[in-house]
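Biologist: Hi, I'm new to this one. Can you walk me through it?
Modeller: Sure, here it is.

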Amino acid sequence: MMDLYGASALVVDGNPTSRSILVAQLRDMGARTVVQSPRIADARRQLEFRTFDVVVCEQNFPNDRGTGQELLDDLRRAGLLPFATVFIMVTAEASYARVAEAAESALDSYLLKPFTANQLAQRIGQARHRKTVLKDIFDAVEARDFERAAHLCLRRFEQRGDYWLYSARVGAELLLRLQRFDEAQRLYEAVVAAKALPWAKLGVARAQLDAGQPQKASQTLHGLIGEQADYADAYDVMGRAQIELGNFDAALAAYRMATELTPHSISRLQRHGMLAHYCGQTDVAQELLARSVRLGLDSKMFDAQSLVLLGFMALQAGDRKGLQRHWEDAQRILERHPESRRLRRLAEVLEIALLLHDMQVARVLEGLRAMMAEILDEAFDFEAACNLATLLAYVAQRAIQIDEVESRLVAVGLRFCTSKALAALLAQAAAPHPPYAERLMALHHDVLGIIERAMRQSLAGDPRAAVLELLQQGQATRNAKIVESAWGVLKRYETAIADAADLAQQIQPWRERLQSFANRPVIGDKAARQAGGVSLRVMDIKTEHDA
C-alpha cells in the first residue's frame, strides 16, 4: 500500500460514512494529519490558508452549493493549489464526463465509485511519481527560470518521455507567459495532431487570442464548443475573444453558458456579473454579483470590484443601507490586506458613493479631485478609470459642477481608449450621464487620429518623425496603443532609421510600463490562471489584492 508517512491530507465529502472511510484509509497509509470538510465552503477556506500533501474530494454534494470540480476550478484560477499537492476527485460513473475535463487540466487523478483502499493508494502513488519525474521542470518554475522550464518541457515532449502530454501543456503555458505566442500555438497544434485533446484545442485558441487574432480564436472555439458543448473553460475564452471583437452580447452569452455549467464558481459569477453591469443588464448583474458575495466574500478568490459595482447599483436605487453594507465589506477586506493600494482605492470609491448619496458635496469633490490627480499614474488602471467615470457620471446626474471635469475626462479617454472594445466599456461605465459616455467614445477616434497623422509622415518618407511623434504622444497620454504604434513603425522601417537602436531603447521602457504588447480588455479576470491554463504557482505572483 502507498506510504504517506508524515503527510497531511484533506478529505472533502458531504457523506459522513464515506468521509470516515476515506479518513481511515489515508491514516492506514501513514498520513499524520487528516482534516475533514463536509462542505465546499469549509474546504475552500482550508485550502486557501493551509497546504496539504493530498486532497481527496467528492464531486457531488447534493445538499451543498457547488461541486468538487467547481472548487478545483476556482482554486486553479486563484493559483491556490501548489504543484506538490495531489488532488484526487471521487465521482460516480454518471458524472465522469464532467470530471474528465478537470482531469485533463489540473486533477492528478480521479476514482470511480466503488473503489478499494488499494486503488486509492495506487492513484496517489501514480500522482506523486509524476510530480517526482517532473520535479526539474517545476523547480525551474519556482525559481522563475521560465526559459529553462519551457526548454525542459519541450525536450520531454519531443522525446516522448514520461508524462510528455502533461509536459507539453506546461510548456505551452510557459511559452504564453513568455509571449512566444506562435511557438505556443505550434506546440498546442502538435499535441492536437498527436492526440486531439480538448485542452490542446483550447490552447490553440488562447495562443491566437494572445497573439492579437481574436477572429481566428473565435473560429477555433466555435469548433471546439461544437465538439465539447459542456467545456466551461472554452466559454470563458470565447467570452474574452468576443469582448476583444467588441461583440458584448456574444460575450455575455458565452459567460452565461460558463456560469450555467458551473453555477457556484465565484470567479465565473463575478466575470459574468461584471460584464452584465457594463452592458446595462442591472438585474442580471445584481443577482450574479450578490450570489458571488454570498458564496465567497471571505475567499481569496473574491474580487472586491464586485462590491464596487453592487455599490453603484445601490446608489442608483437610492439604497443607502445596501451601499453602506458594501462599503463596510470592502473595509473588512482592506483590513486583511492593508498594504494593497488597489483595495484602498476600491474602498475609497465606495466611500465617495456613500458621501454622494448623502449629498456631502464638499467631501465628494475632495475625494474625486484626489482620484483625478492620479489619472496618469502607473497604478491607475482601466478598472480605476471605469470607476472614476461612473462616479463622475453620477455626480453630473445630480447637477454637481466640477470645473475641471472636461479636461479630466479627456485625460482618461486619451489614456484608456486603446481599442473600440475598451472605449465602449469605458463609455458604458459613464452611462448614468450620456454626454460623458458620448464624449469618452469620441475620444477613441481622437486616439486613432493621433496615430493616423503620425503615420502620414512615414508614408511621406520620414518614418523617424512618425516614431518620434508617436512616442511623444504616447508619453503625454500614457496610451498603450500609441506607444505600440511607435514600436511597430520603428520595427517596420528599422533599416531606414539611422538611430533605430537608440529609439528602441527609448520606447521599450514605455512598452514595459504600459504593457502595450499585452493590452487586452479584461473583465473579472484578475486571477493568476487564465481559463484553460495550468496553474503555475510562483511564490511572488501578484493576486487580485496586490497593486
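**Helix packing, rings and odd spots**

Modeller: Let's start with two helices: α1 and α5 make a right-handed crossing. Keep in mind that this is a predicted model.

Biologist: OK, at what angle do the axes of α1 and α5 cross?

Modeller: Roughly 60°, and the axes come within 10 Å. Helix α1 covers residues 16–28, and helix α5 covers residues 117–133.

Biologist: Which residues meet there, between α1 and α5?

Modeller: From α1 you have L22, Q25 and L26, and they meet A117, L120 and I124 of α5.

Biologist: And what sort of peptide bond joins K113 and P114?

Modeller: A cis one, with omega at about -10°. As for where that is, P114 sits in the loop between β5 (109–112) and α5.

Biologist: Switching to aromatics. How many aromatic pairs are there?

Modeller: The count is five. One of them is Y188 with W199, an edge-to-face pair with 6.4 Å from centre to centre and 70° between the planes. Those two rings link distant parts of the chain, since Y188 belongs to helix α9 (residues 181–194) and W199 to helix α10 (residues 198–210).

Biologist: How far apart are Y188 and W199, in sequence and in space?

Modeller: They are 11 residues apart in sequence, and their C-alpha atoms are 8.7 Å apart in space.

Biologist: Are Y188 and W199 buried or exposed?

Modeller: Both are buried. For Y188 the relative accessible area is 1%, so it counts as buried, the cut-off being under 20%.

Biologist: What else is Y188 in contact with?

Modeller: Setting aside neighbours within four places in sequence, the contacts of Y188 include R169, A172, E173 and L176. W199 is on that list too, along with A200, G203, V204 and R206.

Biologist: Nice. Give me another aromatic pair?

Modeller: Try F380 and F416. That pair is tilted, with 6.2 Å between the centres and 45° between the planes. F380 is in the loop between α19 (361–372) and α20 (382–397), while F416 is in helix α21 (residues 405–416), so the pair ties together parts 36 residues apart in sequence.

Biologist: Are F380 and F416 buried or exposed?

Modeller: Buried, both of them.

Biologist: Which residues form an aromatic cluster with F380?

Modeller: F382 and F416; with F380 they form one aromatic cluster.

Biologist: What about charges over rings? Where does the charged end of R177 sit?

Modeller: Over the ring of F146, 4.9 Å from the ring centre. There's also R271, whose charged end sits over the ring of Y255, 5.6 Å from its centre.

Biologist: New topic, cysteines. How many disulfides are there?

Modeller: Zero. Take C386: the nearest cysteine sulfur belongs to C417 and is 9.6 Å away. A disulfide would need the two sulfur atoms within 2.5 Å, so C386 is in no disulfide.

Biologist: Is C386 buried or exposed?

Modeller: Buried, because its relative accessibility is 2%. C57 is buried as well, at a relative accessible area of 0%.

Biologist: I also spotted a histidine. Where is H277 found?

Modeller: In helix α14, which runs over residues 266–278. H277 has 16% relative accessibility, so it counts as buried.

Biologist: What is H277 in contact with, leaving aside its neighbours within four places in sequence?

Modeller: A285, L309 and M313.

Biologist: Last topic, backbone oddities. What is the phi of R160?

Modeller: About 55°, a positive value even though R160 is not a glycine. R160 is in the loop between α7 (146–159) and α8 (164–177).

Biologist: How does R160 count by relative accessibility, buried or exposed?

Modeller: In between: R160 is at 42%, so it counts as partly exposed.

Biologist: And where is Y163?

Modeller: Y163 is in the loop between α7 and α8. Its phi is positive too, near 60°, and Y163 isn't a glycine either. With 27% relative accessibility, Y163 counts as partly exposed.

Biologist: Great, I'll go and look at those in the viewer.

Technical notes:
Residues are numbered from 1 along each chain as its sequence is written. This is a predicted model: local features need pLDDT of at least 70, side-chain atom pairs count only at pLDDT 80 or more; totals for chains, interfaces and linings use all residues. Side-chain values use heavy atoms; hydrogens and water are left out. Rings of Phe, Tyr and Trp (its six-membered ring) pair if their centres lie within 6.5 Å; planes under 30 degrees apart count as stacked, over 60 as edge-to-face and the rest as tilted. Helices (H or I, at least four residues) and strands (E, at least two) are DSSP runs, numbered from the N terminus. Buried means under 20% relative accessible area, exposed over 50%, partly exposed in between (1.4 Å probe, protein chains only). A charge sits over a ring if NZ of Lys or CZ of Arg is within 6 Å of the ring centre and within 35 degrees of the ring normal. Axes are lines fitted to C-alpha atoms, for helices over the stretch in contact, and angles run from 0 to 180 degrees between N-to-C directions. A crossing is left-handed if the near helix is turned anticlockwise from the far one by less than a right angle, and right-handed if clockwise. Contact means heavy atoms within 4.5 Å.
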